[in-house]
Amino acid sequence: MHLALMITNAILAVLFLYAGGTKLVVSKASLLARDGMAWAADYSEPALKAIGLAEVLGAIGLVVPLLTGIVPFLAPIAAVGLFLVMLGAAQVHRRRREPLLLPTTLAALTLVSLWLGLGVNGVTG
């Protein structure tokens, strides 16, 4: 189960590092020019940076505790945080009548990470 958790979290970490890192380093105008980022028009630049920071920190929280063995129960907590970010993203896309496939898929994958993480940490038996 630990290997499945590491693979799931590695995939999530890469996706969230890319998405969050992009929001952190790219201007709002540049985000708006990208496909699928029209939703960014509804938010201020600081709000976009905060979303990006949450995604990057969540990605780090998914893998670093497992790789170091230091407080590995933080990985499921990071999964919960990213799940909440994706619930918010799904709500934004639903309100804008945009496709929900990506945020709902990522939300589901964070729940898989949570379930695996709880199992690895002995919570689910």
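Start by selecting L12 in this predicted model. L12 sits in helix 1 and is buried, with a relative accessible area of 0%. Buried here stands for under 20% relative accessible area, so L12 falls within that class.

Now show what surrounds L12. Leaving aside residues up to four places away in sequence, L12 touches L62, L106, L109, T110 and S113. For a distance check, pick G88: L12 and G88 are 76 residues apart in sequence, and their C-alpha atoms are 17 Å apart in space.

Next, select L12, F16, L62, M86 and L106 together. These are the residues with the most contacts inside the largest nonpolar core, which has 15 residues. Helix 1, helix 3, helix 4 and helix 5 each give two or more residues to this core. Helix 4 gives the most, with six residues. In soluble globular proteins, nonpolar side chains tend to be buried together.

Then move to L31, M37, W39 and V92. They are among the seven residues of another core, which lies apart from the largest one.

Select helix 4 next, residues 74–95. Helix 4 has 22 residues and reaches 32 Å from its first C-alpha to its last, close to the 32 Å expected at 1.5 Å a residue. Which residues of helix 4 are buried? They are A75, P76, A78, A79, L82, F83, M86, A89, A90, V92 and H93. To see what covers these buried residues, display helix 1, helix 3 and helix 5, which are included in the cover. Past the end of helix 4, stop at R97, which follows the helix and has a positive phi, near 55°.

The last stop is the largest pocket, which holds about 750 Å³ of space. Of the 28 residues that line this pocket, select K23, M37, W39, H93 and L102, the closest to its centre. Two of these selections have come up before: M37 and W39 belong to the seven-residue core, and H93 is listed with the buried residues of helix 4.

Colour the pocket lining by residue class: 19 residues are nonpolar, four are polar and five are charged. Then colour by element. Helix 1 (2–25), helix 3 (45–68), helix 4 (74–95) and helix 5 (101–120) each supply at least two residues of the lining. Those four helices also each give two or more residues to the largest nonpolar core.

Notes: Residues are numbered from 1 along each chain as its sequence is written. This is a predicted model: local features need pLDDT of at least 70, side-chain atom pairs count only at pLDDT 80 or more; totals for chains, interfaces and linings use all residues. Side-chain values use heavy atoms; hydrogens and water are left out. On a 1 Å grid over the protein atoms alone, a cavity is a set of points where a 1.4 Å probe fits but cannot get out, and a pocket is an open set with protein on both sides within 12 Å along at least five of seven lines; lining residues have an atom within 4 Å of a point. Grid points are joined across faces, edges and corners, and a volume is the space filled by probe spheres set on the points. Ala, Val, Leu, Ile, Met, Phe, Trp, Tyr, Cys and Pro count as nonpolar, Asp, Glu, Lys and Arg as charged, and the others, Gly among them, as polar. A nonpolar core is a set of buried Ala, Val, Leu, Ile, Met, Phe, Trp, Tyr and Cys residues joined through side-chain atoms within 4.5 Å. Buried means under 20% relative accessible area, exposed over 50%, partly exposed in between (1.4 Å probe, protein chains only). Contact means heavy atoms within 4.5 Å. The expected span of a helix is 1.5 Å times one less than its number of residues.
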